[in-house]
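Here are my notes on the model, set out as numbered points for you to check against the coordinates. I have kept to strand pairing, burial and charged side chains.

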Amino acid sequence: MSKVKVQAFAVSIDGFGAGPAQSLEHPLGVGGETLHQWFFPTRTFRAMQGLEGGTTGTDDGFARASMENMGAWILGRNMFGPVRGPWPDEEWKGWWGPSPPYHVPVFVLTHHARAPLEMEGGTTFHFVTGGIHEALQRAREAAQDKDVRIGGGVSTVRQYLQAGLIDEMHLVISPTVLGRGEALLAGIDLPALGFRCTRHVGTEAALHVVLTKGA
């Protein structure tokens with residue numbers, strides 16, 4: 001059965017899923033790249049960049065699994081790019097170049113309409129102005145029997161969590177302290193939402209935690 005998942009979402013020790021002041025120079029916010037040091041050396045990440053080699057241990061196993069059985073993604077506007085407000089033009093096409101790593105339909109939450117954007121490799125960005133429920137309905141239809149991944153950023157994950165729409169979360173606790181940024185779980189009662197920790201695996205680079213609803 002299709003599930004709604006958060007996969008390989010990195011969080012700092014002090015609970016931030018992104019650094020402050022996202023910009024063109026700092027796509028993940030200031031210091032945000034330190035959240036993903038577990039991911040960058042893996043074979044999965046390097047293959048996404050068209051590179052050979054990389055680590056093949058536990059971190060790579062989680063990274064690889066996070067991409068499996070995904071039929072559609074949902075992203076917030078800030079995950080798509082640094083442009084704010086009405087689209088000045090259609091020049092910005094994402095952080096990832098002509099061939100994004102998704103290879104399935106991606107539904108971008110926004111308050112400002114834009115025509116679908118078809119990219120290389122099977123990725124098409126659809127811009128949804130009707131909110132999180134409309135985006136999920138469209139993503140489920142596109143995914144069919146595969147899973148829908150809530151890709152972020154922090155605000156988008158929080159909205160879907162608070163609406164009770166996420167079935168499973170794989171969080172990666174990275175050994176970094178940001179001090180400021182976007183707090184992922186502040187004020188959210190995960191047990192009240194039905195989540196329990198069903199798996200946890202530590203590596204030299206991170207602690208992988210899987211939280212499952214109704215477990």
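1. Strands E4 and E6 pair in the parallel sense over five bridges, where strands are DSSP runs of E of at least two residues and helices are DSSP runs of H or I of at least four, numbered from the N terminus, and where two strands pair if DSSP finds at least two bridges between them. Within this pairing, Val-106 stands opposite Phe-125 in E6. On E3, Trp-73 has the same Val-106 of E4 as its bridge partner, and E3 and E4 also run parallel, with four bridges between them.

2. This is a predicted model, in which local features need pLDDT of at least 70 and side-chain atom pairs count only at pLDDT 80 or more, while totals for chains, interfaces and linings use all residues. Residues are numbered from 1 along each chain as its sequence is written, and side-chain values use heavy atoms, with hydrogens and water left out.

3. Strand E4 is largely enclosed by the rest of the structure, because four of its five residues are buried; buried means under 20% relative accessible area, exposed means over 50%, and partly exposed lies in between, with a 1.4 Å probe and protein chains only. Strand E11 (residues 207–213) is likewise mostly covered, with five of its seven residues buried.

4. The sheet to which these strands belong is open and has nine strands in the order E5-E6-E4-E3-E7-E1-E8-E11-E10, with mixed pairing. Strand E5 (117–118) and strand E10 (195–202) stand at the edges with a single partner strand each, so one side of each is left without a neighbour in the sheet. At the E5 edge, E5 and strand E6 (residues 124–128) are antiparallel and share two bridges, and Glu-118 has Thr-124 in E6 as its bridge partner.

5. Helix H4 (residues 132–143) packs on the sheet and touches strand E1 (4–12), strand E3 (70–76), strand E4 (105–109), E6 and strand E7 (147–152), contact meaning heavy atoms within 4.5 Å. The direction of H4 makes about 160° with that of E3; axes here are lines fitted to C-alpha atoms, for helices over the stretch in contact, and angles run from 0 to 180 degrees between N-to-C directions.

6. At the other edge, E10 and E11 run antiparallel and are joined by seven bridges, and a hairpin of four residues connects E10 to E11. Cys-197 stands opposite Leu-211 in E11, and Leu-211 is also the bridge partner of Met-169. The pairing of E8 with E11 is antiparallel too, over six bridges.

7. How many salt bridges does the model contain? The count comes to four, a salt bridge being a side-chain nitrogen of Lys or Arg within 4 Å of a carboxyl oxygen of Asp or Glu. One of them joins Lys-5 to Glu-168, with the closest N and O atoms 3.9 Å apart. This pair links distant parts of the chain, Lys-5 being in strand E1 and Glu-168 in strand E8 (residues 168–174), 163 residues apart. Both Lys-5 and Glu-168 are buried.

8. Helix H2 (residues 58–66) has Asp-59, Asp-60, Phe-62, Ala-63 and Ser-66 buried. Seen down the axis of H2, its buried residues fall within an arc of 160°, so they line one face of the helix; the arc is that of the directions from the helix axis to the C-beta atoms. Asp-60 forms a salt bridge with Arg-64, with the closest N and O atoms 3.2 Å apart, and the two residues lie in H2 four residues apart, about one turn of the helix. Asp-60 counts as buried at 4% relative accessibility, whereas Arg-64 is partly exposed at 43%.

9. In helix H4, the side chains of Glu-134 and Arg-138 meet in a salt bridge (3.6 Å, N to O). Glu-134 is partly exposed, with a relative accessible area of 31%, and Arg-138 is partly exposed as well, at 30%. Elsewhere, salt bridges that share partners join Lys-5, Asp-147 and Glu-168 into one network.

10. Arg-77, in helix H3 (residues 77–80), deserves a separate look. Arg-77 is buried yet has no salt bridge, and the nearest side chain of opposite charge, Asp-89, is 9.6 Å away; Lys and Arg count as positive and Asp and Glu as negative, while His and the chain ends are not counted. Leaving aside residues up to four places away in sequence, Arg-77 touches residues including Trp-87, Val-108, Leu-109 and His-112.
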